[in-house]
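Me: I would be grateful for a close look at a single part of this structure, given as one connected account. Please begin with one packing contact and then place that contact in its wider setting.

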Amino acid sequence: VKGGLPDIYDARDITETVFRVMRDVMTTAEADRVQQELHDSVLPTDEKALQMEVADLWKDRNPIVGLLSRIRPPLKGPAPIGIDSKLFLTRVDNEGGVPKTVNAEIVVSAVFSATKDELSPERIEAVGQWLPEGKVRELWQAA
C-alpha cells in the first residue's frame, strides 16, 4: 500500500528484489541475522501463493543466485565494484519491474518501512550501517 502498487504480486516481486540488493551489500552472517527476525506472516490470506513469512521473501528463490550471494563478499562501496545508492535504486527499478506509476525510491522506502516494523532496534541499526551512503541510507533512516 505504501509503495502505491495495485497488485499484491508486484509488491511481492519488488520486495524480493529490494531484499536481494540489500543482501548483496551485507555479509552472509548479517543477512542471516536479519532473516531470523523476519518470521511474521506477509499477509493473512487464503490464497496459497501468498501464504508465506517475510523471511521467505528474504531468501532468493533462484538457488544459484542464493548460493552465489552466500559465498561472495559484500558488494559494499562505490560502483562498479560495489553497490552505491544509484546502482541500488537502478537494480530495484530494472530487476523488480517497478511500474511506471511509481519509482524505485517510493517502493524501496515502502519495503524499508515494512521491514523495519519487523526488526529489533539493534538489527535496524546494523542494516543501516550496511546500506550504501547517500539516498538509500537516507530512505532507510526516514522509513
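Reply: In this predicted model, the part chosen is the contact in which Ile14, Thr15, Val18, Phe19 and Met22 of H1 meet Val107, Val108, Val111, Phe112 and Thr115 of H6. By class, the residues of this contact of H1 with H6 comprise eight nonpolar, two polar and no charged.

The geometry of the pair can be stated briefly. Two packed helices are described by the angle between their axes and the distance between the axes. For H1 and helix H6 (residues 104-116), the angle is about 80 degrees and the axes are 10 Å apart. Angles of 65 to 115 degrees count as roughly perpendicular, and H1 and H6 are therefore roughly perpendicular to each other.

Within this contact, Thr15 merits a separate description. Thr15 is located in helix H1. With a relative accessibility of 15%, Thr15 counts as buried, because buried means under 20% relative accessible area. When neighbours within four places in sequence are left aside, the contacts of Thr15 are with Leu57 and Val111. Thr15 and Val111 are 96 residues apart in sequence, while their C-alpha atoms are 6.2 Å apart in space. For the protein chain, residues 24 or more positions apart account for 71% of the contacts with a separation of 6 or more.

Helix H1 also takes part in a salt bridge to another part of the chain. Arg61 is paired with Glu16, and the closest N and O atoms are 2.6 Å apart. This pair links distant parts of the chain, 45 residues apart: Glu16 belongs to helix H1 (residues 8-24), whereas Arg61 is in the loop between helix H3 (54-58) and helix H4 (63-71). The two partners also differ in exposure: Glu16 is buried, with a relative accessible area of 9%, and Arg61 is exposed, with a relative accessible area of 54%.

A further salt bridge joins Asp13 to Arg12, with 3.1 Å between the closest N and O atoms. Here Arg12 is buried at a relative accessible area of 16%, while Asp13 is partly exposed at 29%.

Helix H2 provides a local example. The side chains of Glu30 and Arg33 form a salt bridge with an N to O distance of 2.9 Å. Glu30 and Arg33 are three residues apart in helix H2 (residues 28-36), so about one helical turn separates them. Glu30 is buried, with a relative accessible area of 4%, whereas Arg33 has a relative accessibility of 34% and counts as partly exposed. Elsewhere, Arg20, Arg23, Asp24, Asp60, Arg72, Arg91 and Glu95 are joined into one network by salt bridges that share partners. The structure holds 14 salt bridges.

A second helix pair may be set beside the contact of H1 with H6. The axes of helix H5 (residues 85-96) and helix H8 (residues 135-142) come within 7 Å and cross at roughly 75 degrees. H5 is therefore roughly perpendicular to H8. On the H5 side, the contact is made by Ser85, Phe88 and Leu89, and on the H8 side by Lys135, Val136, Arg137 and Leu139. The contact of H5 with H8 has four nonpolar, one polar and two charged residues, while the contact of H1 with H6 has no charged residues.

These details belong to a chain with eight helices and zero strands. Along the sequence, the pattern is α-α-α-α-α-α-α-α. Of the 143 residues in the protein chain, 43% are buried. The accessible surface of the protein chain comes to about 7800 Å², and carbon and sulfur atoms contribute 55% of that surface.

To return to the chosen part, H1 meets H6 through a set of residues that includes Thr15 and Val111. Thr15 is buried and is in contact with Val111, whereas Glu16 in helix H1 is linked to Arg61 in the loop between H3 and H4.

Terms used
Residues numbered from 1 in each chain as written. Predicted model: local features only at pLDDT ≥ 70, side-chain atom pairs only at ≥ 80, totals over all residues. Heavy atoms only, no water. Helix = DSSP H or I, 4+ residues; strand = E, 2+ residues; numbered from the N terminus. Buried < 20%, exposed > 50% of the residue type's maximum accessible area, 1.4 Å probe, protein only. Contact = heavy atoms within 4.5 Å. Areas by Shrake-Rupley, 256 points an atom, 1.4 Å probe, with all protein chains shown as cover. Salt bridge = Lys/Arg side-chain N within 4 Å of Asp/Glu carboxyl O. Axes fitted to C-alpha atoms, helices over the stretch in contact; angles between N-to-C directions. Parallel < 35°, antiparallel > 145°, perpendicular 65-115°, else oblique. Nonpolar A, V, L, I, M, F, W, Y, C, P; charged D, E, K, R; others polar.
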